[in-house]
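Good morning, and thank you for making time for this presentation. I would ask you to look at the sequence and the structure together as I go through a few local features.

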Amino acid sequence: MKKWYFWTLLISGMFVFASCNNDDEPKGDGNVPQAVLDAFESQYGETRANWSVKDGYAIAQFNDNNGDATAWYALDKGNDAWSMTKTEIPYTSLPQDIVTAISSSPYASWTPDNEVDVLERNNAERLYIIEVNSGGVEVDLCYTESGILVSETVDSDGKENDYTSYLPQTPASGINAWIEQNFPKARIVDVDVERNGTEVEIIHDGMKHEILFDASSNWLRTKTEYDWRNIPDGINTFVQSNHPDYHIDDVDRYETKDNIYYCVELESGDRERKIYLNEQFEEIDRPADSDFNIGGDVQAASGIKNVVNERYPDARIEDIEYDDGRIEVDIRHDGREKEVYFNYKEEWLYTNYDIRSSALPDAVKNALNDRFGAHAYWDEDAECVETPEGTFYEVEVYDELDVYLSEDGEIKWVED
């Protein structure tokens, strides 16, 4: 899990500063339809609000009983205009299920902010955004009220989150009907429409499900995420009997029209492995449809092939797998196994691979020598990650510290 922090920071551009212009200047009440003003008054009475209009929404900023609040109203929805309201509560007022979930997560030792943002959303799951900090790194954790982790977002620019990405969406009618039939009373968390299909995240029976549909709204696959509270006993028993040196890091259940199986990720120190189990909790070979991707066979994707051929000439593609909105391509290049990651649009995100500490750039070795001594990291594990922002390294020091450095030898941070 701890490698995730570094890779996510790199992808999010923590080490790159950029500016942007906002052409949507705040506008007065005269630009807000009367239906929106009526909807606001029916919810909040004669509360005074400052209004602006942006991206198809009228946005009201006001004070409620808990302090500052923001409400979004869709301009094209008439009397049903309300979409979402953000309010604040003290961290001490968090639902106990969320507190318990955080205490059992990799963020248990991180420092939470005193205030928590609560998102009430029209016909969608209520969400709690908790900002946690460790060593100057800030991450926004998004939980449901029952303690299900929805997302982890690195705060890469220090700006306040405007939460527009959480505005509720309604899936196409065919998709909505399928969800209502197969997951009655499910609460929608997110709808992501891609060029070749749609992914819908829902909460049902206390679990998170990611459901894929093709461009014609036909169901393709359902992924169900488990946490420590609900891992099937059969999986725990199998791992304890067959992989006693490992502990379970992640469990997902996949269902397609032709197959049902579990993907179990195991960890033991810095060692990781992935196994697959059938419904009887028997180990099986990796299913062919674990390479599942919206809209077809990722191995035929020209964007992926072009990047691999350009960045890694003569590389051999050995495996391709879709997971959590990313495409992982395993290649063999220059005698090394490398993992190359892409998004749905076939855009390169980053590449990581293991290297020997003796193969580190001189600038990196010099920085480690100056800080820790020449023998502190020799023969220890090292990993390289290539990103659009540059190349970075993670080096294990004294067999207990992870040190993250840029290619020119600048130490970004040190983690126990």
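I shall begin with a network of salt bridges that links Glu 201, Lys 208, Glu 210, Lys 223, Glu 225 and Asp 252. Please bear in mind throughout that this is a predicted model.

Within that network, Lys 208 forms a salt bridge with Glu 201, and the closest N and O atoms are 3.7 Å apart. Are these two partners buried or exposed? Lys 208 has a relative accessibility of 5% and therefore counts as buried. Glu 201, at 12%, counts as buried as well.

A further pair in the network is Asp 252 with Lys 223, whose side chains meet in a salt bridge of 3.8 Å, N to O. Asp 252 belongs to strand S14 and Lys 223 to strand S13, residues 219-226, so this pair ties together parts that lie 29 residues apart in sequence. Both Asp 252 and Lys 223 are buried.

Let me stay with strand S14, which spans residues 247-256 and also holds Arg 253. Arg 253 has a relative accessible area of 19%; the limit for buried is under 20%, so Arg 253 is buried. Its side chain makes a polar contact of 3.3 Å with the side chain of Glu 255. Beyond its neighbours within four places in sequence, Arg 253 is in contact with several residues, among them Lys 223, Tyr 226, Tyr 261 and Glu 279.

Strand S14 also brings us to helix H5. Which residues of helix H5, residues 233-242, are buried? They are Ile 235, Phe 238 and Val 239. These residues cover an arc of only 95° around the axis, and therefore sit on the same side of H5. As general background, an α-helix has 3.6 residues a turn, so residues three or four places apart point the same way. The buried residues of H5 pack against S14, strand S15 (260-268), strand S16 (271-277) and strand S17 (283-284). On the face turned away from this buried side are the exposed residues Asp 233, Gln 240 and Ser 241.

Finally, I return to salt bridges, of which the count comes to 14. One of them joins Arg 187 and Glu 125, with the closest N and O atoms 3.9 Å apart. This pair links distant parts of the chain, 62 residues apart: Arg 187 is in strand S10, and Glu 125 is in the loop between strands S6 and S7. Arg 187 counts as partly exposed, at 36% relative accessibility, whereas Glu 125, at 11%, counts as buried.

Key
Residues are numbered from 1 along each chain as its sequence is written. This is a predicted model: local features need pLDDT of at least 70, side-chain atom pairs count only at pLDDT 80 or more; totals for chains, interfaces and linings use all residues. Side-chain values use heavy atoms; hydrogens and water are left out. Helices (H or I, at least four residues) and strands (E, at least two) are DSSP runs, numbered from the N terminus. Buried means under 20% relative accessible area, exposed over 50%, partly exposed in between (1.4 Å probe, protein chains only). A polar contact is a pair of N or O atoms within 3.5 Å; within protein, one must be able to donate a hydrogen and the other to accept it, and residues adjacent in sequence count only if both atoms are side-chain atoms. Contact means heavy atoms within 4.5 Å. The arc is that of the directions from the helix axis to the C-beta atoms. A salt bridge is a side-chain nitrogen of Lys or Arg within 4 Å of a carboxyl oxygen of Asp or Glu.
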